[in-house]
Amino acid sequence: MDVSIVIPTKNGGHLFEKVLDAVFKQKTEYEYEVICVDSGSKDGTLDVIRKYPCRLFQIEPFEFGHGKTRNYGASKGNGTYIIFITQDALPATDTWLQNFIDAMKMDPEIVGGFGIHYPYPDCNLLDKRDLDGHFKGFGETNTIFHLDDPERYEREEGYRHYLAFFSDNNSCIRRDIFEKYPYEDVNFAEDQIWARKMIELGFKKVYCPYAPVYHSHNFKLRTYFKRYYDEQKGLYEVHQYMIAQKWTQLPGMLYRQVRGDCVYIRQQPLSKKEKIHWAFYSLFRNFDRFVGGYLGGKYHLYSKRKQQFLDRHISQQYDQRHA
């Protein structure tokens, strides 16, 4: 078997069937299997999985973990390469799989790769801008990354983030390496923790813009607060990074970000009413980003009791495990 495609699922909704349909319509010379690990779906997700030649494994919701569930799914396959996608990451072309594996074979020292994310047509204005800009920064063609400047890596936090970025919403990993270095059992950022370890061990990663998926979200604002809390908890685990050292820094950060967003919004071909809408959206969304992120970044400093309180009342990952 050449490739094992692993998809964690839970209440995938109508989009998930489109994802599986696209996966099984790939034009490729590689032999592949699809493994779904479901953690308690109560909608029609299991019925959708059974429509396709997938291998289905079921776990309890409380057993789910971003790292350990993917490790479990990968262990059930035998492909030389392991591709991880999520239930809402829709392959955008029928050559997605072929291009991904071809990119992985460019250099024998490549151990992992990640593909581009396209915003869905309904993606909101600011997320679309951020998503496009983020992936454009990795190059216009297949690009290999490795730690070629240790002094800069030690000195520049941005460079460390850049080299460690990895997204298992759309990723590929060599099985021989993954069995030796599986994901850690963490609540968030398992993919970037893994990538940082690989980079520091001297391996290479590849960015493949020719292996695209559609993947974006339009969450409710309260959900963004929860996600930024979890995200910054994860970033601290990867980089010991905190969005702010003191809460007094937050108003200035909020002002600068909203001001920048408003400059962008004014440049768009929108009506005055739409521009006002997006300006207020920016204000509330960035409030969630900085306050939720501040609480998540400081998580390691809190007492066990406070950590448990915040997780119960804020963490989206906690909600998913206990639903």
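This note goes through the cavity, a pocket, a surface patch, the salt bridges and two local features of a predicted model.

1. **The cavity.** Start with the enclosed space. The structure holds one cavity of 30 Å³ or more. Its volume is about 40 Å³. Three helices each give two or more residues to the lining: H5 (125-136), H11 (250-266) and H12 (272-297). H5 supplies the largest share, four residues.

2. **What lines the cavity.** The lining consists of Leu126, Asp127, Arg129, Asp130, Gln257, Asp261, Arg285, Asn286 and Arg289. By class, six of these residues are charged, two are polar and one is nonpolar. When you look at this site, display the side chains of Asp127, Arg129, Asp130, Asp261, Arg285 and Arg289, which are among the lining residues.

3. **The second largest pocket.** This open site has a volume of about 170 Å³. Which elements give two or more residues to its lining? They are strand E6 (110-118), helix H5 and strand E9 (204-214). H5 gives the most, with four residues. H5 also gives the largest share of the cavity lining, and that makes this helix a useful place to begin when viewing either site.

4. **What lines the pocket.** The residues are Ile116, His117, Tyr118, Pro119, Leu131, Asp132, Phe135, Lys136, Gly139, Glu140, Tyr207 and Pro209. Seven of them are nonpolar, three are charged and two are polar. The cavity lining, by comparison, has one nonpolar residue and six charged ones.

5. **A nonpolar patch on the surface.** Ile276, Phe280, Leu283 and Phe284 make a nonpolar surface patch of about 380 Å². Phe284 sits in helix H12. Is that residue buried or partly exposed? Phe284 is partly exposed, with a relative accessible area of 45%. H12 also gives two or more residues to the cavity lining.

6. **Salt bridges overall, and the Glu190 pair.** The whole structure has 20 salt bridges. In one of them, Glu190 pairs with Arg70, and the closest N and O atoms are 3.9 Å apart. Glu190 lies in helix H9 (residues 190-200) and Arg70 in helix H3 (residues 66-75), so the bridge ties together parts that are 120 residues apart in sequence. How accessible are the two partners? Glu190 is buried, at 4% relative accessible area. Arg70 is buried too, also at 4%.

7. **The Asp311 pair and a network.** Asp311 forms a salt bridge with Lys233, with 3.1 Å between the closest N and O atoms. Asp311 belongs to helix H13 (residues 304-313) and Lys233 to helix H10 (residues 221-239), so this pair ties together parts 78 residues apart in sequence. Asp311 and Lys233 are both buried. Elsewhere, salt bridges with shared partners join Arg70, Asp168 and Glu190 into one network. The Glu190 and Arg70 bridge of the previous point involves two members of that network.

8. **The Arg174 pair.** Arg174 and Asp176 meet through their side chains in a salt bridge, at 2.9 Å from N to O. What sets the two partners apart is their accessibility. Arg174 is buried, with a relative accessible area of 16%. Asp176 counts as partly exposed, at 47% relative accessibility. The cut-off for buried is under 20%, so Arg174 falls on the buried side.

9. **Asn11, an unusual backbone angle.** What is notable about phi at Asn11? Phi is near 50 degrees, a positive value in a residue other than glycine. Most residues other than glycine have a negative phi. Asn11 is found in the loop between strand E1 (3-9) and helix H1. The residue is partly exposed, with a relative accessible area of 37%.

10. **Leu15, a contact across the sequence.** Leu15 has its place in helix H1 (residues 13-23). The helix is the one that follows the Asn11 loop. Leu15 is buried, with a relative accessible area of 18%. Since buried means under 20%, Leu15 meets the cut-off. Its C-alpha atom is separated from that of Asp88 by 6.4 Å, although the two residues are 73 apart along the chain.

Methods. Residues are numbered from 1 along each chain as its sequence is written. This is a predicted model: local features need pLDDT of at least 70, side-chain atom pairs count only at pLDDT 80 or more; totals for chains, interfaces and linings use all residues. Side-chain values use heavy atoms; hydrogens and water are left out. On a 1 Å grid over the protein atoms alone, a cavity is a set of points where a 1.4 Å probe fits but cannot get out, and a pocket is an open set with protein on both sides within 12 Å along at least five of seven lines; lining residues have an atom within 4 Å of a point. Grid points are joined across faces, edges and corners, and a volume is the space filled by probe spheres set on the points. Ala, Val, Leu, Ile, Met, Phe, Trp, Tyr, Cys and Pro count as nonpolar, Asp, Glu, Lys and Arg as charged, and the others, Gly among them, as polar. Patches are made of residues with over 30% relative accessible area and no salt bridge: like charges are joined within 9 Å, nonpolar side chains (Val, Leu, Ile, Met, Phe, Trp, Tyr) within 5 Å. Accessible areas come from the Shrake-Rupley method with a 1.4 Å probe; for residues, only the protein chains shown count as cover. A salt bridge is a side-chain nitrogen of Lys or Arg within 4 Å of a carboxyl oxygen of Asp or Glu. Buried means under 20% relative accessible area, exposed over 50%, partly exposed in between (1.4 Å probe, protein chains only).
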